[in-house]
Amino acid sequence: MTPYARALVAVALLVSLCSACVGLPDSGEVQVGDDRPASAQDSGFPYDPRPPQKGEEPDEIVGHFLDAMLANPTTTAVAKQFLSSSARDSWHPDRQLITYDDILTPSGNDEVSVTLLGAHHLDARGVWRGELPERQRTLDFGMTIEDGEWRIDDPPDAMVVSDAFFDARYRQVFLYFLDPTAKVVVPEPVFVPTGGQLSAVLMRALLRGPGPDLRGVTRSYIPDDLTLDLTAPVSANGLAEVSLRGDAAPLDPESVQLMAVQVVWTLRQDPSVRRVRLTINDTPISVSGTSSDLDVAMGEQYNPVGPGAGRDLFALRDGRLVSQTGSGVVNQTGPFGTEAAGLEAIAVDLSGTRVAGVTSDGGSIRLAPVSGERERATTVFSGGTDLLKPSWDVSGRLWVVDRNSGNAEVSYVARGRRHPVRVPGVTGENITRAIVSRDGTRLVAVLREPRQDRVVLSRLAVDGSRARGTRARVIHGDAEERTRINDIGWYSPTEVVLVRSLSDDLSQVTTFSVDGSRAVSSANVPVELVRDDIVSLVSSPVPETPTWAIAASGEVHELNAELDGTFPAEGLVSLTYAG
C-alpha cells in the first residue's frame with residue numbers, strides 16, 4: 001500500500017468511528033442533514049478536511065480533493081474548493097458512488113491520473129453495480145491554473161470514497177415496488193447514507209422509482225414527480241407524517257391501496273415508525289376500510305414470500321409424495337402420493353396444492369394435485385435433456401431450466417403451455433443450478449466455467465405470454481478462485497444461500513445479498529463449515545424457517561440450530577419447501 005493510500009485509509013478508519021446526520025443526495029452536493037435537532041446529532045469524531053493550500057502541485061490538489069470526500073459529517077463543501085470556478089457548477093457527484101480498497105498515488109501535471117484498486121460502484125439511485133469496469137478504474141483529472149493556483153477543471157462526476165468510509169457511512173435498505181401483476185411487493189436493495197432521519201431517507205429513495213432498467217420487471221404506483229415536503233417526522237408514539245407535493249391526477253382506489261402498500265412496506269424498516277399519515281398536497285390519503293393513519297402491518301397479503309408461508313417439508317418416500325409437519329409424516333392422497341411416479345425432483349406451488357415432478361430420465365415434468373384420490377397427473381413439459389428442479393412463482397408460473405448438455409434453455413409453463421424465455425448470459429450457457437424468486441422477477445443461476453463456478457442474476461419481465469430476461473450479471477464468485485458450487489437456494493427474498501466444496505469431506509455454506517454487494521441483512525445467517533460432502537440445500541425465504549444441508553451419503557445437517565427445527569424423518573429424499 002502506498003504512503004498516500006495509507007493516509008487515506010487512516011482517515012477512513014477515523015471516520016468509521018463516527019456517524020453524522022445526512023440526507024439522501026438529491027442534487028449535485030451532498031448536504032449535511034438537518035432532519036434532527038443538533039442535540040440529537042450522532043456523536044463521534046468529526047473530520048474536517050484541509051482546504052487547498054498555496055503552492056500545492058497538481059498531484060497534491062487531486063489527492064487532497066479525494067481526501068475531502070471523506071468529510072464527516074458528509075459534505076462536498078471543502079471538496080469543491082479544489083475545483084475551478086466553472087467545474088464547481090458542473091460537477092455532479094450524485095451521479096455515481098465509487099468505492100475502493102486501495103489507491104495509487106496521483107501522478108501527472110496538466111492531467112493527473114489516479115488508479116483505484118478493488119473498485120466497485122453504485123448508481124445515482126444507490127443500486128450496487130458491482131466491480132467498476134477495468135477501463136474506468138483510472139480516473140483522469142484535467143487541471144488548470146486559476147488565480148495563480150492549480151485547480152481541477154474536469155473532475156469525474158462521482159463521489160469517490162474508501163471501502164472503510166462506505167462501510168461506516170452507508171447502509172443497505174429495501175425499496176418496495178410491485179410485480180407486474182400487483183400481487184406482491186418486490187424488494188429492491190439500495191444503499192443510503194447512515195444517520196439522519198431514516199423515514200425521510202427511505203421516502204426520498206422510494207420516490208425516485210424503480211429506474212428504467214427495471215421497466216416491465218417492477219412498477220411503482222406512486223405518481224411521478226412527487227417530492228417529499230421537507231422531512232417525514234416521526235412522533236413519540238410512532239406516527240410518521242409523510243407529506244408529498246407535486247402534480248398528481250386523482251387516484252383510483254386500487255392505485256391508492258397499492259401506493260399505500262409501497263409506503264408502509266418501505267417505512268416499516270424504520271423501527272420508530274408504527275403508523276403512517278400520508279398526504280398529497282395536504283389531502284389525506286386513506287385506504288378503504290381504514291382510518292387515515294396506516295398501520296405499518298397493513299398489506300401483509302402482498303408479502304414477497306407469497307401466500308405459501310408454510311414451513312412444511314415435502315419429499316418423496318419410496319417414490320411417493322409425503323409431507324412432514326413437525327415430526328409427523330403424512331402420505332399425500334394425490335396421484336404422486338398413491339403410487340410411485342418415477343420422479344427425481346419435486347416442486348410444490350406456493351398454495352401447497354399442486355406438485356410438479358421431474359421424471360427420472362430428466363426429460364419431462366409431470367403435474368398433479370397434492371391431494372385428491374380421483375385426480376390425475378398430466379405431462380406439462382416434455383422433450384427436455386437434463387431438467388433442473390423447477391421453481392413456482394406467485395402467479396402460478398412454473399419456471400424450468402433445461403441444462404441441455406451445456407446449452408441451457410429457460411422457459412416457463414402457465415395454463416398447460418410452455419413459453420420459452422431468452423435470458424442473455426444464461427441461455428446457451430453451462431448452468432448447473434437455477435432458482436426463480438417467488439415474486440417471479442429474479443432468476444439466479446450457477447454458471448459453470450472451466451476454472452470456477454459463478455452465480456449470476458437476471459431480472460425477469462413477463463407481459464402476458466411474452467417474457468424476457470435482462471443480461472445476467474455476476475453476483476457471487478471470484479474469477480481468480482477455483483471453486484465448485486453444489487447448490488443454491490433462497491434464504492430470504494433478497495438473499496441466496498450457497499454451498500461449495502472445499503475438499504472431499506469439507507463444505508462451506510454461506511449467504512450473500514442478491515445485488516452482489518457485501519451486505520447481508522438477515523439474522524441467523526448460516527455461514528459455516530460442514531465437515532461432510534454437502535450436495536444440496538433445503539431452504540425457504542419464509543422467515544424463521546430451518547435450512548438443511550444434505551450430504552452425498554444422505555445425512556442431514558441442520559444449519560440453524562437456534563431455530564430448533566425438527567429433523568426430517570429417515571427415508572425422505574428430494575426434500576423441498578413450497579416454491
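Start by selecting Glu300 and Arg268: the two form a salt bridge, with their closest N and O atoms 3.6 Å apart. Glu300 lies in the loop between strand E16 (293-295) and strand E17 (313-317), and Arg268 in the loop between H7 and strand E14 (275-280), so the pair ties together parts that are 32 residues apart in sequence. Glu300 counts as partly exposed at 41% relative accessibility, and Arg268 counts as partly exposed at 26%. Keep in mind throughout that this is a predicted model.

**Helix H7**

Next select residues 253-267, which make up helix H7. How far apart are the end C-alpha atoms of H7? They are 21 Å apart, which agrees with the 21 Å that 15 residues should span at 1.5 Å a residue. Colour the helix by accessibility: 13 of its 15 residues are buried, so H7 is largely enclosed by the rest of the structure. Then add Asp252 at the start of the helix, where a side-chain oxygen of this residue reaches to within 3.1 Å of the backbone nitrogen of Glu254.

**Other salt bridges**

The structure holds 21 salt bridges, and three further stops show some of them.

- Select Arg137 and Glu131, whose side chains meet in a salt bridge at 3.6 Å, N to O. Arg137 counts as partly exposed at 25% relative accessibility, whereas Glu131 is exposed, with a relative accessible area of 57%.
- Select Asp349 and Arg354, another salt bridge, with the closest N and O atoms 3.2 Å apart. Is Asp349 buried or exposed? Asp349 is buried, at a relative accessible area of 5%, while Arg354 is partly exposed at 31%.
- Select Asp123, Arg129 and Asp213 together: a network of salt bridges links these residues.

**An aromatic cluster**

Switch to the aromatic side chains. A search of the whole structure finds nine aromatic pairs. Select Trp128 and Phe191: their ring centres are 5.9 Å apart and their planes stand at 50 degrees, so the pair is tilted. Trp128 lies in strand E6 (residues 128-131) and Phe191 in strand E11 (residues 185-193), so the pair ties together parts that are 63 residues apart in sequence. Both Trp128 and Phe191 are buried.

Now add Phe166 and Tyr170. Their ring centres are 5.2 Å apart with the planes at 20 degrees, so this pair is stacked. Phe166 is buried, with a relative accessible area of 3%, and Tyr170 is buried at 15%. Which residues form one aromatic cluster with Trp128? Phe166, Tyr170 and Phe191 do.

**Charges over rings**

Select Arg219 and Tyr221. The charged end of Arg219 sits over the ring of Tyr221, 4.0 Å from the ring centre. A second case is Arg397, whose charged end sits over the ring of Tyr412 at 5.9 Å from its centre. Leave Tyr412 selected for the next stop.

**The sheet E24 to E27**

Show the cartoon around Tyr412, which is the bridge partner, in E26, of Trp399. Strand E25 (residues 398-402) and strand E26 (residues 409-414) run antiparallel and are joined by five bridges. Widen the selection to the open sheet of four strands, which has the order E24-E25-E26-E27 with antiparallel pairing. Strand E24 (391-392) and strand E27 (417-421) stand at the edges with a single partner strand each, so one side of each is left without a neighbour in the sheet.

**Strands E28, E29 and E30**

Finish with strand E29, residues 442-448. Six of its seven residues are buried, so E29 is largely enclosed by the rest of the structure.

Which strands pair with E29? One is strand E28 (residues 431-436), antiparallel to E29 over five bridges. Within that pairing, Ile435 has Val444 of E29 as its bridge partner. The hairpin of E28 and E29 has five residues between the strands, and Gly440 takes a positive phi near 75 degrees there.

The other is strand E30 (residues 453-463), which runs antiparallel to E29 and is joined to it by seven bridges. Select Val446 and Val455 to see one bridge pair, with Val455 in E30. The hairpin from E29 to E30 passes through four residues.

How values were computed
Residues are numbered from 1 along each chain as its sequence is written. This is a predicted model: local features need pLDDT of at least 70, side-chain atom pairs count only at pLDDT 80 or more; totals for chains, interfaces and linings use all residues. Side-chain values use heavy atoms; hydrogens and water are left out. Helices (H or I, at least four residues) and strands (E, at least two) are DSSP runs, numbered from the N terminus. The expected span of a helix is 1.5 Å times one less than its number of residues. Buried means under 20% relative accessible area, exposed over 50%, partly exposed in between (1.4 Å probe, protein chains only). A polar contact is a pair of N or O atoms within 3.5 Å; within protein, one must be able to donate a hydrogen and the other to accept it, and residues adjacent in sequence count only if both atoms are side-chain atoms. A salt bridge is a side-chain nitrogen of Lys or Arg within 4 Å of a carboxyl oxygen of Asp or Glu. Rings of Phe, Tyr and Trp (its six-membered ring) pair if their centres lie within 6.5 Å; planes under 30 degrees apart count as stacked, over 60 as edge-to-face and the rest as tilted. A charge sits over a ring if NZ of Lys or CZ of Arg is within 6 Å of the ring centre and within 35 degrees of the ring normal. Two strands pair if DSSP finds at least two bridges between them.
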